[in-house]
Amino acid sequence: MSASRTIITRRAFAGGAALLGLMRSARAQGFAGLSEDADGFAQVLPGKDFVFPADHGPHPDFRIEWWYVTANLTDVAGNAYGLQWTLFRQAARPGPQGEGFANQQLWMAHAAATRADSHRTAEKFARGGVGQAGVVDKPFQAWIDDWQMAGSDRTDDASLAPIEIAASASNFAYALSLEADRPVVLQGDHGYSRKSEHGQASYYYSQPFYRARGHLSFDDHSVEVSGSAWLDREWSSQPLASDQSGWDWFALHFASGEKLMLYRMRQRSGNYTSGTWIGADGRARPLGPDGIVMTPTQTVEIGSHKLPVSWRVDIPALSIGLATTPLNPRSWMATSVPYWEGPISFTGSHQGVGYLELTGY
Amino acid sequence: MRRVLWILAVLLSHWRRHPMQLATLLIGLISATALWSGVQALNQQARQSYDRAAAIFGGARTPMLVARDGKAFPQALFAELRRAGWPVSPVVEGRVQIDGHSARLLGIEPISLPVEVGNAPTLGRTDLEAFLTAPGQTLVAPETLADLELKQGDTPRLSNDATLPPLKLQPQLAPGVLVVDIGAAQQLLGKSDQISRLLVGNSHGPRKPLQQVAGDRLMQVEPDAETDLERLTDSFHLNLTAFGLLSFVVGLFIVNSAVGLAFEQRLPMLRTLRACGVSARQLNTVLVAELVVLALAAGLAGLVCGYVIAAALLPNVAASLRGLYGAQVPGELSLQPEWWLAGLVISIIGALAAAATSLIKALRLPILSSAQAYAWQDAQRRWLKLQSALALAFFAVAALLLWLGQSLLAGFGVLAALMLGAALLLPSILEFALRLGERGARQALVQWFWADGRQQISGLSLALMALLLALAVNVGVSTMVETFNRTFLVWLDGRLAADIYVSAADEAQARAIQSWLRARPEVEAVLPGGRAETQLAGAPVDVLGLPDHATYRDHWPLLQSAPDAWKRLVPGDAGFISEQLSRRLNLSVGDYIDIPAPGGDWDVEIVGIYADYGNPKGQIAVNVAALTRRFPATPLTRMAVRTDPANVPTLIAALSNQFGLDGRNVVDQASIKRESKQIFNRTFAVTGALNAFTLGVAGVALLTSLLTLANARLPQLAPLWAIGLTRRRLALIELLKTLSVAAITALLALPLGLVVAWCLIAIVNVKAFGWRLPFDVFPLHLIRLLIVALLAAVAASLLPVLRLARMQPADLVRVFTIER
Amino acid sequence: MHVSLAICRDAKWQLVVLSVRNLFKTYRSAGEPISVLRGVDLDVASGERVALTGESGSGKSTLLHLIAGLDAADSGDIKLEGASIGALDDAERAALRRERLGLVFQQFNLVPSLSVSDNLSFQARLAGRHDPAWHAELVERLGLAAVLQRYPEQLSGGQQQRVAIGRALAVKPLLLLADEPTGNLDETTADEVMTLTGDLVRRTGCGFLMVTHSMRLSAMLDRQVTLHAGRVA
């Protein structure tokens, strides 16, 4: 559940450094905003039947929603890279959808490209209703300006593949083709993903089996890359409890073909931990709060933020014991809502690569 | 430190004993600073307003995409361009009516608005939330709020019954503009899903070619380096600046003479200080410090005066800027701290510059040279030679600028060089004139009269130079103003030949009004007209449609024309152009121009050039039928009506009743003339006021110079008293002498003034406004000025002369008893 | 000038305050070099009153100006209390003048815009050693009490010169230099001023070197030195 994210759009309005805080919750550490009331918005309840392609599209009655792709890539020389493509939707108010510029949906996007010695980020904002940004379920298309994640007539509804993603900024750009031969995986209890003991939850599904191929450029230097990618789809109206300050989230590709998703919601009284073990065949097995031990082993300081970028992960029931290392410890997303998100690799009982996200630090 | 303070106290003690000198110095500095900073305040205020106007969400400072036909276009193009990589932000614009006031309504999209749109209003983050979410906000300048007699939070109703979002004060906003979110603006203006233009940000990234995204619908308009307003009003501000500078220079003349005199008088004191153990460096440091202290004090007083002057002139300046250029300048002065600082700095720099020669002398002061009066004649002769050489150099510069210069600045350069040269030459000319008088004199007293006058020149020369400059500028400006007035009135009579001017709301109403008017017996003729806008050489140009009617043929003032010019207008392949346009594009009768028209370029032969005073835009006049053929969309809503002047009031009343027209839509000829004249009178009122200030400063310079000279002249006068001239007679001789010197100066100022007038009319006006006036001389004016100059001289010399006349004999005797 | 009065009174133990050795000075006038001083030697002891005489143009005033540091010699040495002034820069010479020398000129050189009182304390204040008691004593001895608040132009010539002498002595200088101090005064007034000056010099114990062309006045001093053709005759 890649993170985030109250859409706290930040925007230099008319040449100033003014912030656009569309929610009362706009704070410097804006993730806390996710714990606000969901008054008037649709509620996340267990027992939903997921229907595709409709659920690939937006759910405007819920307050927030995201389409979140991360990819672990290598070039022919074996150098590792990571990239991120994310589109966030947030409704400024509940109720019927406004027409044109009166539409209440606000869109924000983040893009990032990482290698061992560099981490580049960019963000975009847009208002809904006029076509500058949006998501369509069939043929699948999610976009903001010229950044997009686009399917075609060939795109299969069950696997949401093949699709193309592309983004460009002043000092980096990428374009990838993603393919998959297994359907999307419902997280948690058939797509109902608990975030605390108090009922906070989201609808959450993933496509962790993307095979990625394309090119990535830093400044004007382009390289051919290939590897694995992971899509997270999540929507909710109130995913965080009031005492939760942020989370640590893992998406891991095992070299042996299995996938593992883990998260730890940090709260005042004991953290809430959860995860999903996904077999190479695509079968998912939810992991309860008790069987997962996540321990930070190393922190870096970026500005005033102290970030645990290396971890020890133990799941005794699955005989898993991993030590994770970031590709670039300074994978800081210096966006209007700042957080850490970057590619990692792990060794131990198993080995592989993945993505780590740290919010609320 | 205590030593330094003591030295300063000793230096300052001089002023306590010579308060008049201190007053002169301070008055000089104060008037220099006051006029300079006053003019700067006016310019700053105006420029600030232009910036505000220009910066309204990308006014003219940002590249834009607009529809080729200038109309609104679907907002879908916005999303398409964004998806093609274009960093564009939509704006929708229109006019709304609130309670009879018309305002510009601007709808912006703050989220995509480019960061570099400039010094536009900045909203805080909570403000932005309020701006975007219902009920939203209407940003408004304080002036607009005051005009509408509304307060923050009000939700005024528009003429179309829509309601504006709550008003929110935004001080940086230009007056007359209402800013709302684009979604709200579309609703208020009835332009759902429409946008007026797209602002283009400057982020660099791959963009698809515009053609590929929008086809032929949109075109990109590049930003102007400076706004239209700035360009148009540059000349006006240059005018003000020139006057400010002139006053500053005149003020510095006074300072220079006061400091120079004080320095001469303090030479023995400085030597004593050195002899008693003050090092040269210490002495100079303290001299500079003394000057800076005085300059600061005078600078502060000058700034206050400058503020008062600016505040007094601002309403006129604002009115003429509005009338001439349509520039909205608020009538209330708001000044930045930089202005105060700059004023103090200019005061100090001015004081140091004016005192430079004295300070350098102090730096080189030999302790031992005796403090005796030096041979004034030799020194004066050397000075005169140097000054004359400098004067010739200035004349050479003026000639060079006249020859090579093209710009308005060069025009003012010619003026400045001429005047400085003339001022520097003045003492030599005076010396020459007085020497002639001396040679021609037979009687001893008369001879002494001239010789003594000659000796006084060095002391008075600066004040006389100031007088010369002030008078010359006065002659020049009043000649120009008078010329303009006369020409303008004649021209106005020709241009406004019809009796009533009507502007209908739309063509249907126009047709109704026409038929109604034609049915009235007292109406002699109804002359429909139209006006289209186009661009020539990158500047906006109006195309005026004139009906083929005797009213125009007989009255319309043509400066140049081809034979049968009016007849040739009728087929539609010929036109007249305004003088401004002809000068700007270097066009004359017989040339051809291509007027960009909707149906393709329109090739028109120029068969006449007409004066179009006061219009910053270029203009082309063609036959009205031809105009509607070439510009089919031109609304023919304007018409001129000929009738007997006696019928005008009743006809206007009837028209207003019948069609619901108000004062903006139907105007009689007399009112237009009155308004036009008012605008020009206001423009020249500012010039006139500054003119008067300058003359006043020159008068003060003369007065203070005479006062300071009065004491020094006792040794020259006492012997005459001793050999039997009465004090009254002496005083009279002194008065006569001052008057004759002033009269010679004033006589010299007349030809110089006429040269100034010629420069203003033939160079400055042409460059600044694009029109040239005939050059006339007004002898009565000149005589009046001569009298004013002499009166000023009398007034200035009255006090010292009265003092002389009433002086106690004992004071005169002292000249002989006290060794000085 | 802190030479104690005890030593001053004992003529055998006088201290040499000024010592001039082999001084040369040449001026250029209209291109022609004029040798004014050609090897002058001169000593003045504390408490000693020396008259410097000689015909016009013999270099009396020039010598005085050189001693006062108002001008620089071509060669030779001037020592004040054993320290040479030849090597001093403008600021140091200025300090020397205000703290250790008193100067009196023929034209009284008062500051016209300062009151008599301020003129009197003028140099002492510059030197930072204004002493109210000494000031008061000077006022009394010079007989200026009635005119303290007047300005120089309101005084007679004798009064003005008394103010100038008071100004010079107010710093209690090491050496008082005077250039024809009575040149502008009538004989009676001149004698009166001279007597006063002599008394005050004795009171402060400073050296006193006075340029004069009056034999009568020079006779009133302790020692007479005559300059002739640029040397001490």
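Begin by selecting Leu690(B) in this predicted model. Beyond its neighbours within four places in sequence, Leu690(B) is in contact with Leu35(B), Val39(B), Leu240(B), Phe243(B) and Leu313(B). Display these five side chains together with Leu690(B) before moving outward.

**The nonpolar cores**

Next, extend the selection to the core around this residue. Leu690(B) belongs to the largest nonpolar core, which has 107 residues. It is one of the members that touch the most others, a group that also includes Leu464(B), Leu471(B), Trp556(B), Phe576(B), Tyr613(B) and Leu702(B). Now colour helix α13 of chain B, residues 444-495, since this helix supplies the largest share of the core, 22 residues. Apart from this core lies another, of 41 residues; to locate it, select Trp6(B), Met269(B), Val278(B) and Leu365(B), which are among its members. As a general point, nonpolar side chains in soluble globular proteins tend to be buried together.

**The boundary between chains B and C**

Turn now to the place where chain B meets chain C. On each side, 24 residues take part in the contact. The area buried between the two chains is about 2200 Å², and carbon and sulfur atoms give 59% of it. Which residues should be selected to see a salt bridge between chain B and chain C? Choose Arg17(B) and Glu153(C), whose closest N and O atoms are 3.1 Å apart. The count of salt bridges between these chains is two, and there are 10 residue pairs in polar contact, both residues being at pLDDT 80 or more.

To view the chain B side by element, select α1 (2-17), α8 (228-275) and α9 (280-325) of chain B, the elements that give two or more residues to the side touching chain C. The largest share of that side, eight residues, comes from α1(B). By residue type, this side of chain B divides into 12 nonpolar, six polar and six charged residues.

**Salt bridges in chain A**

Over all chains, the count comes to 44 salt bridges. Select Lys138(A) and Asp157(A), whose side chains meet in one of them at 3.1 Å, N to O. Lys138(A) lies in the loop between β5 (133-136) and β6 (141-144) of chain A, and Asp157(A) in the loop between β7 (147-150) and β8 (163-168), so the pair ties together parts that are 19 residues apart in sequence. Lys138(A) is partly exposed, with a relative accessible area of 43%, and Asp157(A) is also partly exposed, at 24%.

Move next to Asp248(A) and Arg266(A), which form a salt bridge with closest N and O atoms 2.8 Å apart. Are these two residues buried or exposed? Asp248(A) is buried, at 0% relative accessible area, and Arg266(A) is buried as well, at 12%. Asp248(A) lies in strand β14 (residues 244-254) of chain A and Arg266(A) in strand β15 (residues 259-267), so this pair ties together parts 18 residues apart in sequence.

**A network across two chains, and a last pair**

Then select Lys124(A), Asp145(A) and Asp146(A) together with Arg82(B): these four residues are linked in a network of salt bridges. Finish in chain B with Glu522(B) and Arg520(B), a salt bridge with closest N and O atoms 3.0 Å apart. Arg520(B) is partly exposed, at 25% relative accessibility.

Technical notes:
Residues are numbered from 1 along each chain as its sequence is written. Chains are lettered from A and ligands numbered from 1 in the order in which they are written. This is a predicted model: local features need pLDDT of at least 70, side-chain atom pairs count only at pLDDT 80 or more; totals for chains, interfaces and linings use all residues. Side-chain values use heavy atoms; hydrogens and water are left out. Contact means heavy atoms within 4.5 Å. Buried area is the accessible area (1.4 Å probe) that two parts lose on being put together, summed over both. A polar contact is a pair of N or O atoms within 3.5 Å; within protein, one must be able to donate a hydrogen and the other to accept it, and residues adjacent in sequence count only if both atoms are side-chain atoms. Helices (H or I, at least four residues) and strands (E, at least two) are DSSP runs, numbered from the N terminus. Ala, Val, Leu, Ile, Met, Phe, Trp, Tyr, Cys and Pro count as nonpolar, Asp, Glu, Lys and Arg as charged, and the others, Gly among them, as polar. Buried means under 20% relative accessible area, exposed over 50%, partly exposed in between (1.4 Å probe, protein chains only). A nonpolar core is a set of buried Ala, Val, Leu, Ile, Met, Phe, Trp, Tyr and Cys residues joined through side-chain atoms within 4.5 Å.
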